[in-house]
Amino acid sequence: MKHTEMKQQPPSLYLQVCFHNEEPRLPLHTSITLFLLSYCECKSFKVFLVFPKPASSQSLRSQLPECLDVSDMQLEDLPQLVRGCRLPAALDETGSLCRAGLAVVLRHIINRTLEADPSRNDVLALLGFKKTCLKACAEVSRWTRLCEIGIPSAVEEHLKNPSKPYEQLPLSILTLERRLAEPVRVHNDDKIRRQKLQEQRQNEKNESPGGNPDSESDSGQSPQVCDELELRAALAKLSVDPVPPVSTRESSDIRKVKTTALPPLEHMFAEGLYFTLTDVVLLPCVSQYLRSLQAHAASALHQLPHLLRWYSRVQEVPGVLRAAEACGIPLSVPRVPTSSLAGTSAEDSPASLLDEEESQEMTTQPPFVGGPRPTMTKLQENGIEAVFAPHPCPAWTLPWDSLPAAINPAEGKMSNIRAVRKRQQLNNLVAMVTELAGPGQTVVDFCSGTGHVGIVLAHTLPDCQVILIENKEESLVRAQSRGAELGLKNIGFIQANLDYFTGPFHVGVALHACGVATDMVMEHCIQAGAAFVISPCCYGFIQNAIKFSFPQSKRFQETLTSKEHMILCRFADQTAVQLPPERRLIGKQCMGLVDLDRSWAAETHGYSVRVMTMEPESCSPKNNMLVGRRRQKTGLEAEAGQLEAPVHN
C-alpha cells in the first residue's frame, strides 16, 4: 500500500514493561509517563504496554489510569521506527515521526494536552520559564541528566536490592538534596523578596506585643513561616486561588532595604519556586525510594530533610493526589525518628563525592595566553602534522536544476549566497555517502536540523532507508513536512537524543556537528560498526565531557596536555573569511590536527579514516570532512576473531 493511501492512526505511546522475579512490573520511566498522562488528563494517545516476553498486563491494572486506552504488545510487534529507539516513545499519526526518550516524550504529552485544551494553565506551567524545562538534552545538561537518567537509575538499582546495607546514599539523591537546600532565583524575585521581608516583620510584631520582637532572627523562623509566601506564589502560578497577601505594596522602609539584605526565597519545588515537569519526573522516583528507605533503613532519612519537605509540599499541588491515586502511587510522608533529626542539617550529608563530581564537571579552562604555535611546534617535533587526503571526486555535483524545488536549500529562509554554499556542502556529503551506502542499507542523518542532508539522500538513494535524528522538535517537524511534500517513502524521523537511538544502520552522516557532537556521532557509528561521513564544526566548543576526554588518541595523549589540546580547538575556529590569510591558514592546520586526533582514535576500533577538505574550499570556513569505514579483516584476522568469539559470548 502506498504511503499516501495509508489510513492515519491515532498517535501511539509505547511504554516498557520489565520483569522482576518472573512478575511483570512497570519501570520508573513508564510510571512517570503514566503519572503525567493522569495529571494532564490527556487522552490523545493509544497507549501500548510493551512486553519483552509473552505476558498480560492484568496484574498491573491498579497502576494504569482508567481514563487511558491501554493495550498489550510484544516487543517484536513494535513498528520498525520505534523498534530502533529506547522507550518510552511516541509515534505520530503518519507513522513516520517517532519521539523517543523520557524528557522528549513528556514534553510532547504536555504539548498535545495544550493543543486539545489551551485553557490548561496548570499544564502550561509545567514547561517552566520560557518553556525550557528539561528541554536541554542529557548529553549537555547536568540537570536534565540528573532528572531523566541519574535519579531514576539510582532508584531502580536500589529497588533491586532494597535491604542492602547503607554505606552511602546515591550520589544523585544527594545532589538533589543539595539543590533543594539552595536559595532560588526567579524572574522578578526582588518584588517577592521585599514582600517576604514585610511579612516576616509583621509576623515578628504579631508574636511580640508592643512592637518588641524577640531576639530570634529571620533565619530562625520555622520553615512554615519562611516559605508561606513562596507557596502562595507557586500555587498562584497554577491558577489556584491564592491566599491574599498581607499587603499589595511594600511600606517605604521596606522599599529602602538594599537587595543584598533581602531574605532569600526558599526552594519550593525541584526547579525553584514553581511546580514544573521536573517535579512530575521526580515524584514517582522519590515516592518509591522514600518508602523503601523507611522500610529498610529509616535512620538514613535524616540525611534528606529538604527532600522530605519537597515530598510533602508537592502533594499540596492540586491534581497530584488524584493523579497518583489513579496510577497506584501511594503518597505518604515517611516518619523520621526524632533522635535521628537532632542536630542534623543539609551540611551533615556526605558531600565529598558531590564536590568531586561538580568540580570535575564544572572545570573551566583558564584564559588562553599566547597563540597556537608552541603547541603546533611541539606536535611537529614529535612527528605529528595535519595531513589531508585528496578528495576522490572534487567536481561531483547533484543535478540541482532538475531536482524538485523542495530539495533545494534556496527554498528555505537563507540568502542566495548561503544557499549556493549549502548546495556545495551537500555535494560533498552526498558524494561520499553514495560511495559507502549499498541498496537496502540504512543511512542515518544525525543532528539533521530541517533535513537538508537527509532529504537529499532519501531522494538520491531511493533503495536506501534514511532516518533523520534531531533533538529540536520545530526543525524535525519542518523536515517531515518537506519529506511529505516530496512524497518520499523511504524516510523516517526521530526526535531524540543520540543515546536514545539504538537501531542498526550502515552509514552515519552529519553536516556541521557542533563541538563534541561530532565525537558523539563518531562513537555511535563505531558502536554500530557503521561507516561515517562527518563535517565537524565549532571546534572551540570541544571540552572534556561525560563520555569524552581530549586528546583522544594515544599519540596525542603522549604529546599534549588537555589544555594544549584546547588551544588547538580554540584556534581551529579562526577560519572566518574576514580574517587575514595567514591566520586562516593556522586555523585550518589546527582543524586538521584536532581531526587527526579523532581519526587516530577511530582507527584503534578497526576503522580507516580519511580527513579531507570539501570542494570548493570556499563552501564553508569549517570545510573539513571525516570519512571512515570499518577495515576489512584479513583472512588471519577473521580466523582469530572466530576463535575468540566463544570466549566473548
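This report walks through the aromatic pairs, charge-over-ring contacts and salt bridges of a predicted model.

Residue numbers start from 1 along each chain as its sequence is written. Because the model is predicted, local features need pLDDT of at least 70, side-chain atom pairs count only at pLDDT 80 or more, and totals for chains, interfaces and linings use all residues, while side-chain values use heavy atoms, with hydrogens and water left out.

## The chain overall

The chain has 24 helices and 14 strands; these are DSSP runs numbered from the N terminus, with helices being H or I over at least four residues and strands E over at least two. Of the 649 residues in the chain, 51% are buried. Here buried means under 20% relative accessible area, exposed means over 50%, and partly exposed is what lies in between (1.4 Å probe, protein chains only).

How much surface does the chain expose? The figure is about 31200 Å², with carbon and sulfur atoms supplying 51% of it; accessible areas come from the Shrake-Rupley method with a 1.4 Å probe, and for residues only the protein chains shown count as cover.

As for contacts (heavy atoms within 4.5 Å), take those between residues at least 6 apart in sequence: 73% of them join residues at least 24 apart.

## Aromatic rings

A pair of aromatic rings is described by the distance of the centres and the angle of the planes. Rings of Phe, Tyr and Trp (its six-membered ring) pair if their centres lie within 6.5 Å; planes under 30 degrees apart count as stacked, over 60 as edge-to-face and the rest as tilted. By this rule there are eight aromatic pairs.

One of them joins Tyr14 and Phe48, which are stacked at 5.3 Å centre to centre with 10 degrees between the planes. Tyr14 belongs to strand S1 (residues 12-16) and Phe48 to strand S4 (residues 46-51), so this pair ties together parts that are 34 residues apart in sequence. Tyr14 is buried at 4% relative accessibility, and Phe48 is buried too, at 14%.

Then there's Tyr39 with Phe275: their planes sit at 50 degrees and their centres are 5.8 Å apart, so the pair is tilted. This one links distant parts of the chain, 236 residues apart, with Tyr39 in helix H1 (residues 28-40) and Phe275 in the loop between helix H10 (252-255) and helix H11 (277-296). Tyr39 is buried with a relative accessible area of 2%, and Phe275 counts as buried at 2% as well. Add Phe269, and Tyr39, Phe269 and Phe275 form one aromatic cluster.

Some rings also have a charge sitting over them, meaning NZ of Lys or CZ of Arg is within 6 Å of the ring centre and within 35 degrees of the ring normal. The charged end of Lys53 does this over the ring of Phe19, 4.5 Å from its centre. Likewise, the charged end of Arg179 sits over the ring of Trp143, 4.0 Å from its centre.

## Salt bridges

A salt bridge here is a side-chain nitrogen of Lys or Arg within 4 Å of a carboxyl oxygen of Asp or Glu, and by this rule the count is 15. Among them are these:

| Acid | Base | N to O distance |
|---|---|---|
| Glu156 | Arg25 | 3.1 Å |
| Glu474 | Lys135 | 4.0 Å |
| Asp519 | Arg598 | 2.9 Å |

Where do the partners in the Glu156 and Arg25 bridge sit? Glu156 is in helix H5 (residues 142-160) and Arg25 in strand S3 (residues 23-25), 131 residues apart. Glu156 is buried, with a relative accessible area of 17%, whereas Arg25 is partly exposed at 24%.

The bridge between Glu474 and Lys135 spans 339 residues, from helix H19 (residues 473-486) for Glu474 to the loop between H4 and H5 for Lys135. Glu474 is exposed, at 54% relative accessible area, and Lys135 is partly exposed, at 39%.

In the bridge between Asp519 and Arg598, both residues are buried. Asp519 lies in helix H20 (residues 517-528) and Arg598 in helix H23 (residues 581-603), 79 residues apart.

Lastly, Glu41, Arg120 and Asp122 are linked in a network of salt bridges. Asp122 is found in helix H4 (residues 121-124) and counts as buried at 18% relative accessibility. The side chain of Asp122 makes a polar contact with the side chain of Arg120 at 3.0 Å. A polar contact is a pair of N or O atoms within 3.5 Å; within protein, one must be able to donate a hydrogen and the other to accept it, and residues adjacent in sequence count only if both atoms are side-chain atoms.
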